[in-house]
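Colleague: Could you take me slowly through one part of this model, the nonpolar interior and the elements packed around it, and set it against the rest of the chain? I would like one connected account.

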Amino acid sequence: MPEVSSSPVAPIKASKSAPQKAMEKLGLKRDIDLALHLPLRYEDETRLTPIGQAREGETVQCEGVVIESRVELRGRRQLIVKMEGEDGAQLLLRFLHFYPSHQKSMAEGQRLRVRGELRGGFFGREMVHPAFRAVNEDTPLAQSLTPVYPAGANLPQAYLRKAVAAGLRRADLAEVLPPGSVPRQLPTLREALDFLHHPPPRVSLATLEDHSHPAWQRLKFEELLAQQLSQMRAQRERALLRAPALRAGPGGLHEQLLAALPFALTAAQQRVAEEIAQDLALPQPMHRLLQGDVGSGKTVVAALAAAVAMDAGWQCALMAPTEILAEQHFRKLIGWLEPLGIKVAWLTGSVKGRARQKMLDAVADGSAGLVVGTHAVIEDKVQFKQLGLAIVDEQHRFGVAQRLALRKKLEAQASRGRGQSMEPHMLMMSATPIPRTLAMTYFADLAVSTIDELPPGRSPIVTKVFADTKRLEVIAKIADAVENGQQVYWVCPLIEESETLDLKNATETHAELSAALAGHGVGLLHGRMPPAEKAAVMAEFSANRLSVLVATTVIEVGVDVPNASLMVIEHAERFGLSQLHQLRGRVGRGAVASVCVLLYTGPLSITGKDRLRAMAETTDGFEIARRDLDIRGPGEFMGARQSGAELLRFADLQEDAPLLKAARELAPRLLDEHAEAALRHVERWLGGKAEFLKA
């Protein structure tokens, strides 16, 4: 007999259909995901309007019998169907895109139910591309409003409706929260979802659309509670970890640095430096956000924190998202710390060969107390002797997923080679102030320190908004400024779709200004230049050997030239509000009154007008952040696009403040008294997204 193979036969993998792939792209993988995929709007298919009573401009559902069906050629093929209602009134249906099956299902004598916008046409009343289906005289009407769901390409509504209905039936929607947890007036989760997917015909559409209906309130409360539980649980988990207790010694580096600084700290800087020092002294890892407006002096606070770590015999790493920002920190820190005997290492992607190995050796043997650089600081080849503090500047610019990877690498490096797992303290810095409601929601697991005053001597910045038709007048003002010894930034927008266009825009502007300002140096700085060339141009501008610097947004953060007192931002309507504020912060750093000119190309969108108006009306970074939140919403404000995870799908932080308050009060009680229920609730709502909220 022939030998029978004992190896198992691999199962044949069924290939996924286009709608299935489209659903996965929307994150609709679990039954609960489908149940929580709520309608954008609803269509009323519960009523029939006699054709003769339907009004033009209304979206109505009518029924009748086909009396004529033909294909016409009027520039293009069209399917023309004429139907007649019970009242004898007629309706023309026009289809510009159709299949042979459509013509067959709308043959003469067939009863149709159609829904669409009624229009007045040359041949009488008509609907163009209405929804339709063949029916009998006794085909029942829908008993609830028909949901219209968010969808994507290759995902028909009919397919999605069936999938959502099936997921809703199968999903485990049992109440996991203990009795008395949910505000009394709200329905159960099952009742709320059944209602929102299939609302009865007489419900107030206004309460569905503005999300004020109790069913919506239940979902928003559950979502906010899951988010708070996730954050608070992360905070408690972190409290169980061990970290080195870092304290500055008397007469040590911390005191020496304070004495050597050429300026006095502001009261706000002193306060936040003390808050950080208190955290560092604890044997649990600090997880603190240091926020302050542009130019408020966050770098010196970070230097003082680093001094505490190095005083205690531990190393410190400072990471920034760009080389320019990292280099700005590097220069300041070298100036402050090297005279005190501290070796500062420099690590970025552009440091190669022997120079890189020399830096790596200094980090590994501990002779480099402070390491400054980009994400290259936490690459696998970088081995710290003992890392006690990690400082991440402009942390939101790394992207949520990138920050998670960064933190995990730091944890691994910090514990490598030691008997016990010791996690470094983390200090995150941001010049984009976080509005209070966002801090309560997305940073519930962080301690937040705020520098809420600027150092003395900062000159006020006047912001002016001009249409680009005034471009020549602006160039004339630049000529006057450089004649008086001032320096100028001219910022060109980044066009994400095309680096070539970015470069063309910047180089053309550079040529234009070079011709208009003959005898004055005009530099060019853009993202595609080699790092050494960028550094050389910045050095020339800093030394006042260039009067004008034409740049893309590489100068958004980290550039500090006190003599620069005029900034022109071209195509300002293309920039976000926080980005405009960051750019504006590059001027006003010296004693000379500074001006920021926003050049825009019309017509402006409503959002564009709101952004430019905000810039003209205030220089307060906290007010800018509040308006930015109003304009963009929390998802974009917090960089949800970078993470691939939605932050809040249903709740609105401003409108739902009472629900947020209730969720914040309930979350710690659930974690203390009903830990398993809290875990099930987070898993139901967040699944794998809970990790993103820890970054």
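Modeller: What follows begins with the chain as a whole, moves to the core and its surroundings, and ends with a second helix pair for contrast.

The model is a predicted one, and its protein chain contains 24 helices and 22 strands. Of the 695 residues in that chain, 50% count as buried, and among contacts with a separation of 6 or more, 76% join residues that are 24 or more positions apart.

The part you ask about is the largest nonpolar core, which has 45 residues, and within this core L337, L370 and L389 touch the most other members. Helix α10 gives the most to this core, contributing 11 residues. Apart from this core lies another one of 44 residues, which includes I32, L224, L225 and W685.

Taking L389 as a vantage point, and setting aside residues up to four places away in sequence, one finds that L389 touches L280, M286, A305, A306 and A309, then Q315, C316 and A317, and also P424, H425, M426 and L427. Two of these partners lead directly to a helix pair, since L280 in α9 and A305 in α10 both belong to the set of residues through which those helices meet.

Helix α9 covers residues 267-280 and helix α10 covers residues 298-311; their axes come within 10 Å and cross at roughly 30 degrees. An angle under 35 degrees counts as roughly parallel, and α9 and α10 are therefore roughly parallel to each other. The crossing in which α9 passes α10 is right-handed. On the α9 side the contact is made by Q269, V272, A273, I276 and L280, which meet V300, V301, L304, A305 and V308 of α10. The residues of this contact divide into 9 nonpolar, 1 polar and no charged.

Another partner of L389 is C316, a residue of strand β11, which spans residues 315-319. C316 is buried, with a relative accessible area of 0%. Leaving aside neighbours within four places in sequence, C316 is in contact with A306, G369, L370, V371, L387, L389 and I391, and two of these, L370 and L389, are among the residues that touch the most other members of the core. C316 and H425 are 109 residues apart in sequence, yet their C-alpha atoms are 9.4 Å apart in space, and H425 is itself touched by L389.

A contrasting position is G366, in the loop between α12 (353-365) and β13 (368-373). G366 is partly exposed, with a relative accessible area of 28%. Not counting residues up to four places away in sequence, G366 touches Q315 and K385, and Q315 is also a partner of L389. The C-alpha atoms of G366 and L387 are separated by 9.2 Å, with their positions 21 residues apart along the chain, while L387 is in contact with C316.

For comparison, consider a second helix pair. Helix α4 (residues 157-170) and helix α5 (residues 189-197) have axes 11 Å apart and pack at an angle of about 165 degrees, an arrangement that makes α4 roughly antiparallel to α5. The crossing of α4 and α5 is left-handed. Here V164, L168 and R169 in α4 meet R190, L193, D194 and H197 in α5, and the residues of the contact divide into 3 nonpolar, 1 polar and 3 charged.

Methods:
Residues numbered from 1 in each chain as written. Predicted model: local features only at pLDDT ≥ 70, side-chain atom pairs only at ≥ 80, totals over all residues. Heavy atoms only, no water. Axes fitted to C-alpha atoms, helices over the stretch in contact; angles between N-to-C directions. Helix = DSSP H or I, 4+ residues; strand = E, 2+ residues; numbered from the N terminus. Parallel < 35°, antiparallel > 145°, perpendicular 65-115°, else oblique. Left-handed = near helix turned anticlockwise from the far one by under 90°. Contact = heavy atoms within 4.5 Å. Nonpolar A, V, L, I, M, F, W, Y, C, P; charged D, E, K, R; others polar. Core = buried A, V, L, I, M, F, W, Y, C linked by side-chain atoms within 4.5 Å. Buried < 20%, exposed > 50% of the residue type's maximum accessible area, 1.4 Å probe, protein only.
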